[in-house]
Amino acid sequence: MFTTLKLSSSLPLGTVIAFAGTAWSPAQDASQLVGVVSGEPFENGGEWYAPVTFAGTCFARASRPIAPEGGGLAVEAGGVCVGPLAGAGIVAPVAYDQPAPQTGDLVLVVLR
């Protein structure tokens, strides 16, 4: 599921965002509703917009190296990392014969 939303600026694909008053900005944690920029941002009338996914599978940017087995989804600095299994979702395990994700890589996540 996605919708097109106003961003605080042009953000890279896979950035995890949360609402910050007048626009969506990089999320610092998962304490509020988070989404993932899932399409190329575009400018319209001096404002930035992008498709944002809120539920289901998508690719999010890793905020730090992630172990191949994945785990609970945690959010920091506009990216995802592995944390306790909580309500935000999961970081999927790495597919067969693929390297462990590093900082900045896009990783498969399931948002709840």
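# Chat about the pocket, cores and rings

Visitor: How do the residues of the lining of the largest pocket divide into nonpolar, polar and charged?

Guide: The split is 11 nonpolar, 1 polar and 1 charged. Nonpolar here covers Ala, Val, Leu, Ile, Met, Phe, Trp, Tyr, Cys and Pro; charged covers Asp, Glu, Lys and Arg; the others, Gly among them, are polar.

Visitor: What kind of model is this?

Guide: This is a predicted model, where local features need pLDDT of at least 70 and side-chain atom pairs need 80 or more, while totals for chains, interfaces and linings use all residues. Numbering runs from 1 along each chain as its sequence is written, and side-chain values use heavy atoms, without hydrogens and water.

Visitor: Back to the pocket. How much space lies in it?

Guide: About 190 Å³ for the largest pocket. A pocket is an open set of points on a 1 Å grid over the protein atoms alone, where a 1.4 Å probe fits, with protein on both sides within 12 Å along at least five of seven lines; lining residues have an atom within 4 Å of a point. The volume is the space filled by probe spheres set on the points, which are joined across faces, edges and corners.

Visitor: Which lining residues are closest to its centre?

Guide: Val94, Pro99, Pro101, Leu106 and Val107, out of 13 that line the largest pocket.

Visitor: And which strand gives the most to that lining?

Guide: Strand S11, residues 106-111, with 3 residues. Strands are DSSP runs of E, at least two residues, numbered from the N terminus.

Visitor: New topic. Which residues touch the most other members in the largest nonpolar core?

Guide: Val16, Leu73, Val80, Val107 and Val109, in a core of 16 residues. A nonpolar core joins buried Ala, Val, Leu, Ile, Met, Phe, Trp, Tyr and Cys residues through side-chain atoms within 4.5 Å. Buried means under 20% relative accessible area, exposed over 50%, and partly exposed in between (1.4 Å probe, protein chains only).

Visitor: Which elements give two or more residues to this core?

Guide: Strands S2 (16-19), S7 (56-61), S8 (71-76) and S11. The largest share, 3 residues, comes from S11.

Visitor: Which residues is Val109 in contact with?

Guide: Gly56, Thr57, Cys58, Ala60, Leu73, Val80, Ile90 and Val91, leaving aside neighbours within four places in sequence. Contact means heavy atoms within 4.5 Å.

Visitor: Is Leu73 buried or exposed?

Guide: Leu73 has 5% relative accessibility, so it counts as buried. Leu73 is in strand S8. Beyond four places in sequence, Leu73 touches Val80, Cys81, Ala88, Gly89, Ile90, Val91, Val109 and Leu111.

Visitor: And Leu108, buried or partly exposed?

Guide: Partly exposed, because Leu108 has 37% relative accessibility. Leu108 sits in strand S11. The C-alpha atoms of Leu108 and Arg61 are 9.0 Å apart, though 47 residues separate them along the chain.

Visitor: Now rings. How many aromatic pairs does the structure hold?

Guide: It holds 3. Rings of Phe, Tyr and Trp (its six-membered ring) pair if their centres lie within 6.5 Å; planes under 30 degrees apart are stacked, over 60 edge-to-face, and the rest tilted.

Visitor: Why is the Trp24 and Phe54 pair edge-to-face?

Guide: Because the planes of Trp24 and Phe54 stand at 70°, with ring centres 5.5 Å apart. Trp24 lies in strand S3 (24-26) and Phe54 in the loop between S6 (47-53) and S7, so the pair ties together parts 30 residues apart in sequence.

Visitor: Are those two buried or exposed?

Guide: Trp24 counts as buried, at 12% relative accessibility. Phe54 also counts as buried, at 12%. Ring pairs link Phe19, Trp24 and Phe54 into a cluster.

Visitor: What about Trp48, where does it lie?

Guide: Trp48 lies in strand S6. At 26% relative accessibility, Trp48 counts as partly exposed. Its C-alpha is 5.9 Å from that of Ser10, 38 residues away along the chain.

Visitor: Last one. What is the phi of Ala77?

Guide: Near 50°, a positive value in a residue other than glycine. Most residues other than glycine have a negative phi. Ala77 is in the loop between S8 and S9 (79-83), and at 60% relative accessibility Ala77 counts as exposed.

Visitor: And Asp97, where does that lie?

Guide: In the loop between S10 (89-91) and S11. Asp97 has a positive phi of about 65° although it is not a glycine. At 65% relative accessibility, Asp97 counts as exposed.

How values were computed:
Helix = DSSP H or I, 4+ residues; strand = E, 2+ residues; numbered from the N terminus.
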